[in-house]
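Reader: I'd like to zoom in on just one small part of this model and get to know its neighbourhood properly. Could you walk me through it step by step?

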Amino acid sequence: MTTQASSTKIRYVSNALVNLRAKMGIKFELGQLLILTKIFEKGEKGIPMVELGRQLDSGAAFIGRNVTLFSDRGDKKGVSRNLIEIFYDPAHPRSKSVRMTEEGRELLSSLLSDLQPYFNDNNQL
């Protein structure tokens, strides 16, 4: 891949994040997109927050802060994004799990379909 092609792809992903920031009204970072994408991949079953942190090699504070930010519980200002649902899995009642809400699935589906032309068959940028 040429440097120009790589640069174009990176600019496109960057613009997609800027558009997402505008839609959601918050500063949106790449790490947050990774969290949302990983939760999206897990579907209705969801994923325990501990496992999410493990898979993304991120600490509990980072995961918890961002899950709360995108959940129906909202941020410090009480603003709810309602993209993620926090729930307790009966199989693991002491562990919080997360899954996408319908609104979250729609938003991520739209974003990922916008980005799809920039990924190859192996889902690499």
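Reader: Let's start with Gly43: where is its place in the chain?

Author: Gly43 sits in the loop between helix 2 and strand 1. Here helices (H or I, at least four residues) and strands (E, at least two) are DSSP runs, numbered from the N terminus. Before going on, know that this is a predicted model: local features need pLDDT of at least 70, and side-chain atom pairs count only at pLDDT 80 or more, while totals for chains, interfaces and linings use all residues. Residues are numbered from 1 along each chain as its sequence is written, and side-chain values use heavy atoms, with hydrogens and water left out.

Now the backdrop. The protein chain has five helices and three strands, and from the N terminus on they come in the order α-α-β-α-α-β-β-α. The chain has 125 residues, and 34% of them count as buried (under 20% relative accessible area; exposed is over 50%, partly exposed in between, with a 1.4 Å probe and protein chains only). Gly43 itself has a relative accessibility of 29%, so this glycine counts as partly exposed.

Who keeps Gly43 company? Look across to Met100: along the sequence, Gly43 and Met100 are 57 residues apart, yet in space their C-alpha atoms are 7.2 Å apart. Both of them also help line the largest cavity, together with Ile39, Phe40, Glu44, Arg99 and Arg105. Helix 2 (30–41) and strand 3 (96–100) are the elements that give two or more residues to that lining. A cavity is a set of points, on a 1 Å grid over the protein atoms alone, where a 1.4 Å probe fits but cannot get out, and lining residues have an atom within 4 Å of a point. A search of the whole structure turns up one cavity of 30 Å³ or more, and the volume of the largest is about 30 Å³, meaning the space filled by probe spheres set on the points.

Next, step along to Glu44, which is another of the lining residues. The side chain of Glu44 meets that of Arg105 in a salt bridge, 3.0 Å from N to O. Because Glu44 lies in the loop between helix 2 and strand 1 (47–48), and Arg105 in helix 5 (residues 102–115), this pair ties together parts that are 61 residues apart in sequence. A salt bridge puts a side-chain nitrogen of Lys or Arg within 4 Å of a carboxyl oxygen of Asp or Glu. The two partners face the outside to their own degrees: Glu44 counts as exposed at 52% relative accessibility, while Arg105, at 24%, counts as partly exposed.

Arg99 also belongs to the cavity lining, and it has a salt bridge too. Its partner is Glu85, with 2.9 Å from N to O between the side chains. Glu85 is in strand 2 (residues 84–88) and Arg99 in strand 3, so the pair links parts that are 14 residues apart in sequence. With a relative accessible area of 30%, Glu85 is partly exposed. Back by the loop, salt bridges with shared partners join Glu44, Glu102 and Arg105 into one network.

Counting across the whole structure, there are five salt bridges. Another one of them pairs Glu51 with Arg54, their closest N and O atoms being 2.7 Å apart. These two sit three residues apart in helix 3 (residues 49–56), so about one helical turn separates them. Glu51 is partly exposed, at 26% relative accessible area, and Arg54 is exposed, at 55%.

Technical notes:
On a 1 Å grid over the protein atoms alone, a cavity is a set of points where a 1.4 Å probe fits but cannot get out, and a pocket is an open set with protein on both sides within 12 Å along at least five of seven lines; lining residues have an atom within 4 Å of a point.
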